[in-house]
Amino acid sequence: MTRDFRSCVILPLLIIGLSIATKDGGKDYQPGCNPGLPDALNIHIIAHSHDDVGWVRTPEEYYNESVDDILSNVISELIGNSEYRFTYVEMAYFHMWWAKQSAEFRKSVHQLVCAGRLQFANGGWTMSDEATVYYGDDIDQLTRGRYLLRQLFGKCGLPRTAWQIDTFGHARDRADLMAQAGYDSLIFQRAHFQEKFERARNRTLQFLWDTREHIGTRARQLFTHIFSGTYCYPKDFNFDERGIFISEGANEVAVFTKILEEIEEAYETNHLLLPMGCDFSYRQAKITFRNVDSLIQLLNGLSLGPYKQMNLFYSTPACYTLAVNREFEKLGELTRRFDDFFPYADRASNYWVGFYTSRPAFKAYVRQGSALLTAVEQLNVLLLGNAKSTPIDYLRRELSILQHHDAITGTEKQYVANDYVRRLHDASQTCQNIFSEALGHLSGGIQLAVFCNYLNLSVCPETVVADSQYSFTVTIYNPLGWSLDDLLWVRIPVHVPESGIRFEIVNVENPTQFSFNYQLLPVSDRTWLIPEREPLDGKANMELIFSPVQDGHRLTALGFTTFNVTASRPMKENPRHTFGEKIFGRKPSLMQFSLDHNGRNIILWVKHVTSEKQFKVLIEMMYYDGETEYNPSGAYVFTPTSRTEAFHFGMPFVTVTRGCCVHEITARYASWATLVVRHFSDQKVEVEWTVGPISDKGNTVSREVIVRYTVEGVPEILPNTPGEFFTDSAGRRLIRRIRKMEYDTVTNETDPIAANYYPVINRILLKGRKQPFVQGLKSYDRTREQKKDLPALAFAVYTDRAQGGTSLKDGQVELMVHRRLIRDDNLGVDENLMENGIDGDGLIVRGQHWIHLDLQSVVLSRDREFATRVTKAPIIFFNKRRISAPIDPHALSWSGLNGSLPSHIHLLNLVAWPLTETENGKKQRLLIRLENFQKAYTKGPPIRHRPYLLRLSWLFSRIQMHNCTEVNLTADQTINSPFAQQLHWPGGDLNDQATGPSSNVIQVRLDEVNLLLHPETIHTFLCTFQRI
């Protein structure tokens, strides 16, 4: 029988005022913070509600059913009791709620915020995922959320604590962003259960997270706190119900005191953080707060462990951080933690690594939407006079929602995933129209930009005409600050009648100078049979393949490059280049490739020209059967039935196609599993996988499909440390991984597969070692041998979406591309991850990998550039035209830059500021965000790279910059403001944000502004400008 907590014992009630007696005792404390009592065990009660922006309900359903009540009722309680504090996170919901409030109520909320009683943590539009979210998208959603807070409440609304309590692992470079943004702390729940246990035992659940890529360089660090338990109410207590109930017969005070003893034993100081809330808590805020009041009254003044009294009071994450900072300054030491917190397991053999791949089509759609947002933000500034802020902000907000940790992760219910797709589609359609307006602005008229959103199905009505003579334009928008001159191929669906058609492809800027080489390939049977293609009425029977960067041509930086394609009857034989003939005006690669096949593998043969050494890469599609009983594979978890190896398909049916532009080998492993490897004439290697509908053998088998790459016959690819490989961290810098053999003491089984899976947002990479020097050779023999030496190699695979990946043996990597699971993993979704597709049999997904295999120095020197190019890929659109219609090259080819940026300087954002038209009365500025990819220090003797000097004033066409102010990462404070206030921790360095109030803006004169961009740093500037 459960009992009412408040009537179980009789204790003298201590007035709540005791807990705030020293509230003003420390001048360093923010408004509303209680510093606690010096000799007491101070327990900071963090009242909060974790409100998922979609999961098993859509965002609108959650808002209407719960969030509206939560915010309204909590704030009413805060107004009525000055002791209460509350922490809120999801700005997507707060934005919806705020729009419905009266001016008087808004004024009360403003007072609560500035008094420190309603505090915001994180401040992003959502609590974003850290395994599958690209760092640029994370910056965007953080910026949008904090922009709202600054707009509503000024500086007092800005969070100083990152509150990532429900994400499924934590990325190093995400923490680095928080450090660069000026946060004081990061608080989360989920770390691998074994590490968490050891840290609790050693009282090291609080530490400095060192976010540098290489030891020996100057650090950025972030104070990090891991909950000893969960982010919810203590076990068996539910404060949202009338009275507090636990298991029958227990003494509530004794039970809760035991819980607090366990928490106290896990931390170093006399300040404890007690989360008081859970998913969608405080809907009946009056009941919840009264229950917490009872707890405070019953426990305050009681002794616990070495402390004579407990001191419980309402607090916030920021106030707690300030309190423990004071205590660690007294202690004088704090441990450090490097690397990241992947993979995450909550218990033995239950690795949350399946969501790295779950819903792969949706993950790709989010990436496409992200590239679209980047492009329209640029066009709005450069061509449209900042007139499109409203539709752009609509897309920005929808994309921000999709970064949520139960959205892009693929861990939501199917109907919620459908709702996410609908939201992104609607916002994207509006923004695609901006391209037509931008082209119209250039031409002074109307120039349509028609997007073919089904190119991966070989469907595009603009390029398919039932005639033997027709013409269309192909316009490619490059959203990057670099011109592109390699590794780019375009595939266009066309219709070719039996009589044949000759195509001519020209750049509209120089239509008579050069006709681009091309190749026609038939649309594959695999593509014809995709059910989603049927209602689109795709009439293309061929694909037209060409590279827009032949013969020294480049895709212009931050601009449009347009090609005119004309189809006509073949009056004469079309001149053809042979494969490998020099049509690319670049220095030939030292690595030469060719394709072959053998057994189950497609073989990429590699020859190093200088040494004449030859080796191979085996490429194969395989699969795992997912566990369906104990710890089943589900939307979150990957548990293979075999703990040692993936399964092979039978022998594939193989076809070979050769032409002047591309050689390709197709391996059809099953009716639902196809792999195509393409070797292009410029030595680019692309791997296309098409998977689905995955066979589940009559709903009896869970199946998870991988593509595996094995480099054989070359010791120069083997790592210095056995088991070493690299993945990206949040799509930004590389992070080192070491393969491990995980021993499960509970089941006496090893789990070396799932335990070694890591998130891959855009690349996985192997670094080889240089072979040892051979002693005893004479000098002339040594010279001859050195010429034959093969230097250390690197092998990288770049992805078009977030996926899970690993290296299960040296010289090998694999990437999981698709999953179909017949069991739920019992983590809350309560639905199997089936993705049934349009015909109910299962979704078919197609994607690409790109291989870069070369000398290690070459691969690493271009790694960040390549990763950025696949993540922010060029945007292609089309327009039918009459053959006789004239073309204005100035309307269709244009650059927003007066000169290309160097390859190590990346333009992340060019955005009209303010972000929304509601602040149109303010002076218009531009937000410019730039990143210097250079390493802070050279290899060997540490020599610090100098900042790069960028001459900004005349960088952009049609715009002259007048002056700039450097601001923090999220553009809501000047650069020195958050770092001047940032807490210093024992053993920590002052965060290396590039130093000093305006040291990175050099105003030579009114019309000349230069910027200093520091290595491994993202800089954000707000600049005034003039259109010219």
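# Burial, salt bridges and backbone exceptions

User: Why does R801 count as buried?

Analyst: R801 has a relative accessibility of 3%, and buried means under 20% relative accessible area, exposed over 50% and partly exposed in between (1.4 Å probe, protein chains only), so R801 falls in the buried class. This is a predicted model, in which local features need pLDDT of at least 70 and side-chain atom pairs count only at pLDDT 80 or more, while totals for chains, interfaces and linings use all residues. Residues are numbered from 1 along each chain as its sequence is written, and side-chain values use heavy atoms, with hydrogens and water left out.

User: What makes the contact between the side chains of R801 and D800 a salt bridge?

Analyst: The term requires a side-chain nitrogen of Lys or Arg within 4 Å of a carboxyl oxygen of Asp or Glu; the side chains of R801 and D800 meet at 2.8 Å, N to O, so the pair qualifies. D800 is buried as well, because its relative accessibility is 11%.

User: How do you know that D137 and K872 form a salt bridge, and where in the chain do they lie?

Analyst: Their N to O distance is 3.9 Å, which satisfies the rule for a salt bridge. The pair links distant parts of the chain, 735 residues apart, with D137 in helix α4 (residues 135-153) and K872 in the loop between α16 (863-871) and β36 (875-881); helices (H or I, at least four residues) and strands (E, at least two) are DSSP runs, numbered from the N terminus. Both D137 and K872 are buried. By this rule the count comes to 65 salt bridges, and a network of them links R172, D173, D176, R220, R732, R733, R864, E931 and E1016.

User: What makes the length of α10 agree with its number of residues?

Analyst: The expected span of a helix is 1.5 Å times one less than its number of residues, so the 23 residues of α10 should span 33 Å, and its end C-alpha atoms lie 34 Å apart, which agrees. Of these 23 residues 20 are buried, so α10 is largely enclosed by the rest of the structure.

User: Why are D551 and K697 placed in separate accessibility classes?

Analyst: D551 has a relative accessible area of 46% and is therefore partly exposed, whereas K697, at 53%, counts as exposed. D551 lies in the loop between β15 (542-546) and β16 (559-568), and K697 in the loop between β24 and β25. Phi is positive in both, near 50° for D551 and about 50° for K697, although most residues other than glycine have a negative phi.

User: Which peptide bond leading to P343 is cis, and which one leading to P693?

Analyst: The bond joining F342 and P343 is cis, with omega about -10°, and the bond from G692 to P693 is cis with omega near -10°. Most peptide bonds are trans. P343 sits in the loop between β10 (336-337) and α10 (360-382), and P693 in the loop between β24 (685-691) and β25 (702-712).

User: What is the average pLDDT of the chain, and where does pLDDT stay under 50?

Analyst: On a scale from 0 to 100 that gives the predictor's confidence in each residue, the chain averages 89, and 89% of the residues score at least 70. Values stay under 50 over residues 1-29 and over residues 991-998. Counting a contact as heavy atoms within 4.5 Å, the model has 55 contacts beyond four places in sequence for residues 1-29 and 23 for residues 991-998.
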